[in-house]
Amino acid sequence: MAVTDHVDLPTFMEGVKRRNPHQPEFTQAVQEVAEDIFEFMEDKEEYHSQQILRRIAEPDRVMSFRVCWEDDKGHIRVQRGWRVQNNNAIGPYKGGIRFHPSVTESVLKFLAFEQTFKNALTGLPMGGGKGGSNFNPKGKSDREVMRFCQSFMTELYRHIGADIDVPAGDIGVGGREIGYMFGQYKRITNQFTGVLTGKGMEYGGSMIRPEATGYGAVYFLAEMLKHRGDGIKGKEVVISGSGNVATHAAEKITQMGGKVLTLSDSGGFIHDPDGIDQAKIDWVKVHKTRNRGRISDYADEFTGASFHEGKRPWHVKCDLALPCATQNELNEEEAKALVANGCIAVSEGANMPSTLEATHVFKHAKLMFAPGKAANAGGVAVSGLEMSQNSERRSWKEEELQQMLLDIMQGIHQRCIAYGDQGGGYVDYVKGANIAGFKKVADAMLAFGVV
Ligand code: NDP
């Protein structure tokens with residue numbers, strides 16, 4: 001019989017930090033979840049005695065591998081690739097692949113940990129995983145990207161499968177990269193299965209997958225506002241990023257009658273007081289994705305817009321904010337500026353864009369704050385629907401999928417309220433998302449015993 005092993009939060013976090021030295025992003029993500037879960041577990045001895053949180057915070061496995069490829073000049077390049085399989089208690093591992101020079105084991109472990117709770121929140125049967133490489137696709141030719149993707153998949157294929165682990169896109173991995181990786185998987189295994197999501201429509205992709213994360217983050221924002229008798233129409237909105245999530249969030253805000261004021265990339269942000277309408281969003285999509293250009297060019301293209309080099313958009317006065325670029329892109333001081341300028345709600349399109357200190361500022365100000373694991377779950381949810389369509393060998397209609405995405409985002413909102421309602425009209429969405437996600441995974445793990 002298991003003995004009671006009831007440690008407190010500081011002791012637990014001390015252990016996590018000791019076992020994961022030099023992994024600040026991972027320990028930050030665990031701390032954010034543990035703060036809420038320890039409170040929830042206070043009177044639930046079984047979760048303590050079975051060490052459930054400790055087990056979720058220890059990935060099932062981490063694969064690290066060498067990825068060799070040859071550039072256009074004939075030089076041999078050596079990169080590192082990873083796949084982190086965090087937890088498959090409720091379904092096959094599922095989570096994106098990131099290609100960016102900032103990728104480390106710590107970043108991927110944090111993302112896989114977060115993904116575990118996010119996927120549980122969608123209500124679909126998906127476990128949590130994440131992968132990637134420190135490869136930088138920027139400035140590489142199509143052929144170089146193809147050779148890299150093929151080399152990456154030549155190792156990754158051993159670890160994944162339609163019922164084992166189903167990767168998707170993330171930063172630096174879009175339709176082009178998914179195509180090259182799927183092609184290589186099919187070639188090596190001689191199998192046509194739904195092993196990746198975010199595929200092209202011609203070979204098993206799902207309608208609305210590219211739009212799903214950005215649209216979903218806006219649906220969640222709309223639900224939070226609706227809960228307070230408010231809406232997006234007429235609101236001024238600040239968005240960071242100019243990739244997949246940011247441009248589709250901007251698109252949905254515009255469709256719902258809001259005005260988007262900013263977009264950004266790692267070079268700085270653009271501010272367009274006239275509003276970034278659909279025609280301008282379409283220009284950004286082509287410029288950033290197809291032409292692989294920079295957001296600074298926006299200010300040359302559209303009169304009235306300004307570019308702010310090396311800066312982030314959080315000091316621009318707004319009603320609503322959507323951080324949609326990367327982790328830790330919104331710090332404590334910027335969170336205070338948002339609150340002081342009258343921002344009423346923040347919906348995280350990116351994963352962990354707000355630092356721990358920034359989330360505390362939002363919590364203290366009782367702002368409507370949707371953490372990424374709830375707000376950006378629309379992407380993985382439609383990936384889950386892509387898996388279902390692949391298993392059924394058929395494609396669902398766009399209208400059906402649009403409705404399913406909306407239903408899923410509303411369902412996540414409800415689950416957050418169930419565990420995060422603090423009374424007096426205030427919902428702690430971080431707490432709600434953490435507890436709802438944890439409980440589903442934890443209860444499945446309890447059913448399996450000690451494995
Ligand atoms: P993209 O690669 O399409 O776009 C990323 C954007 O973020 C680019 O504008 C990029 O600018 C910017 N960016 C990247 N790193 C930095 C940095 N260090 N500082 C400032 N800006 C930066 O990625 P996605 O839009 O797909 O992903 C954005 C976020 O959303 C990530 O956190 C991702 O994990 C999360 N997410 C994505 C999902 C999806 O379905 N795609 C699903 C759920 C979450 P630049 O061009 O200069 O690099």
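Biologist: How many bridges join strand S8 to S9, and in which sense do the two run?
Modeller: In this predicted model, strand S8 covers residues 268-271. Gly268 stands opposite Glu309 in S9. The two strands run antiparallel, and the bridges that join them number four.

Biologist: Which are the edge strands of the sheet that holds S8 and S9?
Modeller: The sheet is open, with seven strands in the order S9-S8-S7-S6-S10-S11-S12 and mixed pairing. An edge strand here pairs on one side only. The twist from one strand to the next averages 15°. The edge strands are S9 (306-309) and S12 (368-370).

Biologist: Which residue in S7 is the bridge partner of Glu236?
Modeller: Strand S6, residues 236-240, pairs with S7 in the parallel sense. Three bridges make up this pairing. For Glu236, the bridge partner in S7 is Lys259.

Biologist: Why does strand S7 count as largely enclosed by the rest of the structure?
Modeller: Strand S7 spans residues 259-265, which gives seven residues to consider. A residue is buried when its relative accessible area is under 20%. S7 is largely enclosed because the number of its residues that are buried is six of the seven.

Biologist: Is Ile281 buried or exposed?
Modeller: Ile281 sits in helix H10, residues 278-290. Leaving out residues up to four places away in sequence, Ile281 touches Thr247, Ala250, Glu251, Thr254 and Ile276. His248 is 33 residues from Ile281 in sequence, yet their C-alpha atoms are 8.5 Å apart. The relative accessibility of Ile281 is 0%, so this residue counts as buried.

Biologist: Which helix gives the most to the largest nonpolar core?
Modeller: That core has 57 residues, and Phe220, Leu221, Ile239, Leu322 and Ile412 touch the most other members. The helix that gives the most supplies ten residues. At least three residues of the core come from each of domain 2 and domain 3. The helix is H8, residues 209-227.

Biologist: How many residues are in the other core, the one with Phe38?
Modeller: This core lies apart from the largest one. Its members include Phe38, Val107, Ala120 and Met352. The number of residues is 37.

Biologist: What area is buried between domain 2 and domain 3?
Modeller: Domain 2 covers 61-192, and domain 3 covers 210-377 + 424-429. Their C-alpha centres lie 27 Å apart, and 14 residues of domain 2 are in contact with 13 of domain 3. Carbon and sulfur atoms give 52% of the buried area, which is about 1100 Å².

Biologist: Which three residues supply 44% of the area that domain 2 buries against domain 3?
Modeller: The share in question is counted on the domain 2 side. No other three residues supply as much of that area. The three are Phe110, Glu114 and Lys118.

Biologist: Which helix packs on the five-stranded sheet, touching S1 and S5?
Modeller: This open sheet has the order S1-S2-S4-S3-S5 with mixed pairing, and its edge strands are S1 (61-70) and S5 (165-168). Within the sheet, S3 and S5 run parallel and are joined by four bridges, with Gly95 opposite Pro167 in S5. The helix touches S1, S2, S3, S4 and S5, and its direction makes about 145° with that of S1. It is helix H6, residues 142-156.

Conventions:
Residues are numbered from 1 along each chain as its sequence is written. This is a predicted model: local features need pLDDT of at least 70, side-chain atom pairs count only at pLDDT 80 or more; totals for chains, interfaces and linings use all residues. Side-chain values use heavy atoms; hydrogens and water are left out. Buried means under 20% relative accessible area, exposed over 50%, partly exposed in between (1.4 Å probe, protein chains only). Contact means heavy atoms within 4.5 Å. Two strands pair if DSSP finds at least two bridges between them. Axes are lines fitted to C-alpha atoms, for helices over the stretch in contact, and angles run from 0 to 180 degrees between N-to-C directions. A nonpolar core is a set of buried Ala, Val, Leu, Ile, Met, Phe, Trp, Tyr and Cys residues joined through side-chain atoms within 4.5 Å. Domain bounds come from an automatic or database domain assignment. Buried area is the accessible area (1.4 Å probe) that two parts lose on being put together, summed over both.
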